[in-house]
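Subject: Structure handover

Hello,

Here is the structure I promised to pass on. Please open it next to this email; my notes follow below.

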Amino acid sequence: MSGSDQLSAVFSALADPTRRAILAELADREATVTELTAPLPISMPAVSRHLKALERAGLISRTRSGKLRMSRIEAAPLREAAEWIERYRRFWDTSLTRLDAHLAAVQAAGRPTDRTVIPDSESPGKTHDKEN
């Protein structure tokens, strides 16, 4: 699977709250389907389907030892998703920092911001767009 297809599979798998709950359990320890089903309000076959989706996305691996089939979390795909998100967090942080600087400059210059409250005799406190 190519990098962007893998990332799509990871985000698709993470979109489901049950799968996120399963990953949270597996972050602490390896577990069987039975152990993962216990805290969830769904059936064992439903948990198995969620595990298959997580496995297809590369978020977990499963091993068999006798009758036990253990699932464990795989960190690499989560790290790749976190790195992708981090790029956009930096973008928003930079944008918000620039906005903060602009608003501070506007306030320091004593100019009003884009919207001001102009009393209106018919509807007190009504917000109007600032007139230029």
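Read along the sequence, the pattern is α-α-α-α-β-β-α-β-β. That gives 5 helices and 4 strands. Please keep in mind that this is a predicted model. The protein has 132 residues, and 25% of them are buried.

**Helix α5 and its aromatic rings**

Helix α5 covers residues 75-108. Trp84 and Tyr88 both sit in this helix, 4 residues apart, which is about one turn. The count of aromatic pairs in the model is 3. In the pair Trp84 and Tyr88, the ring centres are 4.8 Å apart and the planes meet at 50°, so the pair is tilted. The tilted class lies between stacked, under 30 degrees, and edge-to-face, over 60. Ring pairs also bring in Phe11, which forms a cluster with Trp84 and Tyr88.

Are these two helix residues buried or exposed? Neither label fits. Trp84 has 33% relative accessibility, so it counts as partly exposed. Tyr88 is also partly exposed, because its relative accessibility is 41%. The class in between runs from the buried limit, under 20%, to the exposed limit, over 50%.

**A nonpolar surface patch**

Trp84 and Tyr88 turn up again on the surface. They belong to a nonpolar patch of about 790 Å². The other residues in that patch are Ile85, Phe91, Trp92, Leu96, Leu99 and Leu103. Leu99 is placed in helix α5. Its relative accessibility is 41%, so Leu99 counts as partly exposed.

**A positive surface patch**

There is a charged patch too. Arg49, Lys52, Arg56, Arg64 and Arg69 form a positive patch on the surface. Which element gives the most to the positive patch? Helix α4, residues 44-56, does, with 3 residues. Lys52 lies in helix α4. At 46% relative accessibility, Lys52 is classed as partly exposed.

**Salt bridges**

How many salt bridges does the count come to? The count is 7. Here are some of them.

- Arg29 bridges to Glu25, with the closest N and O atoms 3.3 Å apart. Arg29 is partly exposed at 37% relative accessibility. Glu25 is partly exposed as well, with a relative accessible area of 27%.
- Arg62 meets Glu55 in a salt bridge at 3.8 Å, N to O. Why does Arg62 count as buried? Its relative accessible area is 16%, and buried means under 20%. Glu55 has a relative accessible area of 31%, so Glu55 is partly exposed. This bridge therefore joins a buried side chain to a partly exposed one.
- Glu74 and Arg72 meet in a salt bridge at 3.3 Å, N to O. Glu74 counts as partly exposed at 22% relative accessibility. Arg72 counts as partly exposed at 40%.

Salt bridges also form a network. Shared partners join Glu86, Arg89, Arg90 and Asp93 into one.

**Where to look**

For a quick tour, begin with the cluster of Phe11, Trp84 and Tyr88. Then view the nonpolar patch, which includes Trp92 and Leu103. Next, turn to the positive patch, with Lys52 among its residues. Finish at the bridge between Arg62 and Glu55.

Best wishes

Notes:
Residues are numbered from 1 along each chain as its sequence is written. This is a predicted model: local features need pLDDT of at least 70, side-chain atom pairs count only at pLDDT 80 or more; totals for chains, interfaces and linings use all residues. Side-chain values use heavy atoms; hydrogens and water are left out. Patches are made of residues with over 30% relative accessible area and no salt bridge: like charges are joined within 9 Å, nonpolar side chains (Val, Leu, Ile, Met, Phe, Trp, Tyr) within 5 Å. Accessible areas come from the Shrake-Rupley method with a 1.4 Å probe; for residues, only the protein chains shown count as cover. A salt bridge is a side-chain nitrogen of Lys or Arg within 4 Å of a carboxyl oxygen of Asp or Glu. Lys and Arg count as positive and Asp and Glu as negative; His and the chain ends are not counted. The place of a charge is taken as NZ of Lys, CZ of Arg, CG of Asp or CD of Glu. Helices (H or I, at least four residues) and strands (E, at least two) are DSSP runs, numbered from the N terminus. Buried means under 20% relative accessible area, exposed over 50%, partly exposed in between (1.4 Å probe, protein chains only). Rings of Phe, Tyr and Trp (its six-membered ring) pair if their centres lie within 6.5 Å; planes under 30 degrees apart count as stacked, over 60 as edge-to-face and the rest as tilted.
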